[in-house]
Amino acid sequence: MLAWSGAWLAFAGLQRWLPTAAALALACALGTAASLLGQGWWRRALIAAGFPLSLALTGAAAGVPAWAWLVPLALLLLVYPLNAWRDAPLFPTPHAALGGLAQQAPLPAGAAVLDAGCGLGDGLIALRRAYPQARLHGLEWSWPLRALCALRCPWARVRRGDIWAACWGGYQLVYLFQRPESMARAAAKAQAEMAPGSWLVSLAFEVPGATPFARLQPPGGHAVWVYRLGEGGGESPAGTTVP
């Protein structure tokens with residue numbers, strides 16, 4: 001409701017100085033930006049689409065040209081590209097979620113670390129806390145999310161790209177916050193491309209059928225599954241859960 005109300009206020013105010021189509025575009029952009037705060041695809045879609053739908057139903061946009069109604073759809077596709085819907089929804093990594101990871105998956109200074117699907121950069125922030133001396137990289141398909149992530153994380157190299165098409169071979173650790181259906185594919189890609197002794201780290205979701213090197217359980221948060229690649233890389237002598 002706050003997002004819809006804000007979009008309506010922006011539309012009404014902007015109409016005083018801008019053409020109706022431009023006011024519509026900016027108000028829709030505000031609603032789409034607010035949708036990033038929603039949890040789950042349906043909630044985000046409702047937040048983003050609520051203003052243009054209510055505008056159409058009330059008839060308040062009688063002067064808007066027909067082509068202008070493509071603006072909300074274009075904004076949604078820009079922020080949420082179609083191929084990204086196959087992957088995990090945008091859900092930020094808690095900044096303290098990776099506490100203790102460096103003790104279980106140690107890395108040398110200057111090691112290359114990838115946040116595959118970095119979104120707005122919360123995972124990179126958590127990785128920086130865990131590995132302050134690492135070279136952090138982020139990969140994100142959405143242009144707006146990539147731009148916002150780069151602004152939030154100027155100390156990381158953030159690129160636009162498909163996490164499944166990009167090569168993971170140059171990284172000592174790849175971090176994911178995906179979904180259960182993606183984990184087998186991620187593990188196969190990591191095994192095929194990453195060097196023995198590298199690490200695959202997943203927040204919340206484990207690789208089906210694989211034994212983790214370690215499992216961290218932050219108080220009140222999602223489990224962190226840690227896998228070591230290479231010979232015997234999926235198994236830990238202790239097989240312990242790390243609190």
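Is Leu-18 buried, exposed or partly exposed? I looked this up before anything else, and Leu-18 counts as partly exposed because its relative accessibility is 31%, where buried means under 20% relative accessible area, exposed over 50% and partly exposed in between, with a 1.4 Å probe and protein chains only.

I noted that this is a predicted model, in which local features need pLDDT of at least 70 and side-chain atom pairs count only at pLDDT 80 or more, while totals for chains, interfaces and linings use all residues. Residues are numbered from 1 along each chain as its sequence is written, and side-chain values use heavy atoms, with hydrogens and water left out.

I then placed Leu-18 in the loop between helix H1 (2–14) and helix H2 (20–35); helices (H or I, at least four residues) and strands (E, at least two) are DSSP runs numbered from the N terminus.

Next I turned to strand S7 (residues 224–228), which is largely enclosed by the rest of the structure, because four of its five residues are buried. Strand S5 (residues 199–203) pairs with S7 in the antiparallel sense over five bridges, pairing being called when DSSP finds at least two bridges between two strands. Within S7, I found Tyr-227 as the bridge partner of Leu-200. Strand S6 (residues 214–216) also runs antiparallel to S7, joined by three bridges, and Ala-214 has Val-226 of S7 as its bridge partner.

Last, I checked the cysteines and found zero disulfides, a disulfide being a pair of cysteine sulfur atoms within 2.5 Å. Cys-149 is in none, for the nearest cysteine sulfur, that of Cys-118, is 3.8 Å away. Cys-149 is buried at 0% relative accessibility, whereas Cys-167 is exposed at 53%.
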